[in-house]
Amino acid sequence: MKYRRKETIDAVQWNGENTSEIKEFAKQFAMFDYADVTNDGKLDHILKVKTSDKIIVADFGDYVVRGEKGDFFVMKKSEFEELFEKA
């Protein structure tokens with residue numbers, strides 16, 4: 001048998017620059033640090049998402065997802081795009 005996901009979720013893709021969009025979307029569940037991740041001498045944003053049981057660092061391209069119960073989690077781009085399509 002085949003199964004399809006039933007839920008509709010809200011999500012924002014992290015691109016390393018859209019801090020305002022992520023803050024507005026995830027509120028207190030999104031936290032930012034800064035480090036020279038790309039070794040170019042400039043500080044890059046590091047996104048950390050507080051989930052129900054831990055804090056996860058999101059890579060560029062990952063999706064920050066709000067679940068049906070209002071919880072937040074991070075999904076890799078490949079996994080997210082395999083499971084969901086725009087509604």
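A nonpolar core, as the term is used in these legends, is a set of buried Ala, Val, Leu, Ile, Met, Phe, Trp, Tyr and Cys residues joined through side-chain atoms within 4.5 Å. Keep in mind that everything shown here comes from a predicted model.

**View 1. The largest nonpolar core, with I22, L47 and V64 in the thick of its contacts.** This core has 13 residues, and I22, L47 and V64 are the ones that touch the most other members. Four elements each give two or more residues to the core: α1, β2, β3 and β6, the last of these spanning 72-75. Helix α1 supplies the largest share, 3 residues. As a general backdrop, nonpolar side chains in soluble globular proteins tend to be buried together.

**View 2. V64 and the company it keeps.** Set aside the neighbours within four places in sequence, and V64 is still in contact with a fair list of residues: D10, A11, V12, I22, F25, A26, L47, V49, F72 and F73. Two of these names, I22 and L47, also turn up beside V64 among the core residues that touch the most other members.

**View 3. A second core, separate from the one above.** This one is made of 6 residues. Among them are Y63, M75, F80 and F84.

**View 4. The open sheet β2-β3-β4.** Here 3 strands line up in that order, with antiparallel pairing. At the edges sit β2 (30-35) and β4 (55-58), each of which pairs on one side only. From one strand to the next, the twist averages 30 degrees. Helix α1 (residues 19-26) packs on this sheet and touches β2 and β3, its direction making about 155 degrees with that of β2.

**View 5. Zooming in on the strand pairs.** Between β2 and β3 (residues 44-50) there are 6 bridges, and the two strands run antiparallel. Look for F32, which stands opposite L47 in β3. On the other side of the pairing story, β3 and β4 are joined by 4 bridges and also run antiparallel. There, V49 has I56 in β4 as its bridge partner. The link from β3 to β4 is a hairpin, made through 4 residues.

**View 6. T8, out in the open.** T8 lies in the segment before β1 (10-13). Is T8 buried or exposed? The cut-off for exposed is over 50% relative accessible area, and T8 counts as exposed because its relative accessibility is 63%. For scale, the C-alpha atoms of T8 and A30 are separated by 21 Å, with the two residues 22 apart along the chain.

Key:
Residues are numbered from 1 along each chain as its sequence is written. This is a predicted model: local features need pLDDT of at least 70, side-chain atom pairs count only at pLDDT 80 or more; totals for chains, interfaces and linings use all residues. Side-chain values use heavy atoms; hydrogens and water are left out. Two strands pair if DSSP finds at least two bridges between them. Axes are lines fitted to C-alpha atoms, for helices over the stretch in contact, and angles run from 0 to 180 degrees between N-to-C directions. Contact means heavy atoms within 4.5 Å. Buried means under 20% relative accessible area, exposed over 50%, partly exposed in between (1.4 Å probe, protein chains only).
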